[in-house]
Every structure is written in structure tokens, then in C-alpha cells.
Amino acid sequence: MAIGPTCCSVSDCNRAAGYRFGTSARCRRHALTYRPVVRRAIVVALFVGTILCIINQADVLLSGHLTAFVVAKIGLTYLVPFSVSTYSALAANRVQANEPQSM
Ligand SMILES: [Zn+2]
């Protein structure tokens, strides 16, 4: 249950803010497109994705047997750290509901 009257601080958005980045309150849609979150996720994806590609696909790339399937796997290799970084940023900046924590 959503508690609290805080609205998203993006103009023309009336959704409830579920995330707070400093003084900026954001709804889920605008938290996902918040520039610092996206920028960090891209940096993490490029760094971690490249390492994972080298670990997992170096033999295929060096042998020159690049197929559409391998290209799709490389894309997913970059998508995973991007998603984890974005999820972590949103989870760390989620506004806590006014209810007791359960264990
Ligand atoms: Zn919004």
C-alpha cells in the first residue's frame, strides 16, 4: 500500500514517488531514466560486460566463428550487468513505506 503524498519531482508527472535521489523524488519510470543511474549502469555494463565477454566468448571471437547466436549472447552479456546496476540503484534509493519491517 502506497503511503505518503510525495509526488514525482519531474514536471508534468503526477505519479507517486517511490524513489529518492538526493533531493529529487522520482516515480519508477523517471527513476529508470534518471541520468546518473543510466550513466552508471552503462559504465558498469561496459566494464563488467567486456570482462565477461572475454571470459566466455574469447575463443569464439578469436577463431572468427561469429554467428548471430554468439552476437545475441554477447548482447545479453552486457545487458545483465546493466540490469543489475539499475536494479541496485533503485533498490538502494527506494522510499521506505511507513510500516514495520518484517523479518
Ligand atoms: Zn515521474
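A residue counts as buried here if 20 or more other C-beta atoms lie within 10 Å of its own. With that in hand, the predicted model can be read from the inside of its helices outwards. In helix α2, the residues V37, A41, A45 and G49 are buried. Their spacing fits a simple rule: an α-helix has 3.6 residues a turn, so residues three or four places apart point the same way. As for partners, the buried residues of α2 pack against α1, which covers residues 28-32, and against α3, which covers 68-92.

Zooming out, the protein has 3 helices and 2 strands, and starting from the N terminus these elements come in the order β-β-α-α-α. Out of 103 residues in the protein, 15% are buried. What about contacts along the chain? Taking the contacts with a separation of 6 or more, 47% join residues that sit 24 or more positions apart.

Back to α2, which spans residues 35-63: this helix isn't straight, but bends by about 75° at Q57. Right after α2 ends, G64 takes a positive phi of about 80°. Helix α3 is another story. It has 25 residues and reaches 36 Å from its first C-alpha to its last, close to the 36 Å expected at 1.5 Å a residue. The buried residues in α3 are T77, P81, T86 and A89, and they pack against α1 and α2.

Next comes the core. The largest nonpolar core holds 10 residues in all: C8, A17, Y19, A25, A31, Y34, V37, A41, A45 and A89. Helix α2 gives the largest share of this core, with 3 residues. Both domains chip in, too, since the core draws at least three residues from each of domain 1 (1-33) and domain 2 (34-92). A general trend is worth keeping in mind: in soluble globular proteins, nonpolar side chains tend to be buried together. One core member, A17, shows what its surroundings look like. Leaving out residues up to four places away in sequence, A17 touches T6, C7, C8, S9, A25, R26, C27 and V95.

Finally, there's an oddity near the start of the chain. D12 has a positive phi of about 70°, although it is not a glycine. This residue lies in the segment before β1, the strand at 19-21. Is D12 buried or exposed? D12 counts as exposed, because it has 5 C-beta neighbours inside 10 Å, and the cut-off for exposed is 12 or fewer.

Notes
Residues numbered from 1 in each chain as written. Bend = angle between axes of the 7 residues up to and from the residue. Helix = DSSP H or I, 4+ residues; strand = E, 2+ residues; numbered from the N terminus. Contact = placed C-beta atoms within 7 Å. Core = buried A, V, L, I, M, F, W, Y, C linked by C-beta atoms within 7 Å. Domains from an automatic or database assignment. Expected span 1.5 Å × (residues − 1).
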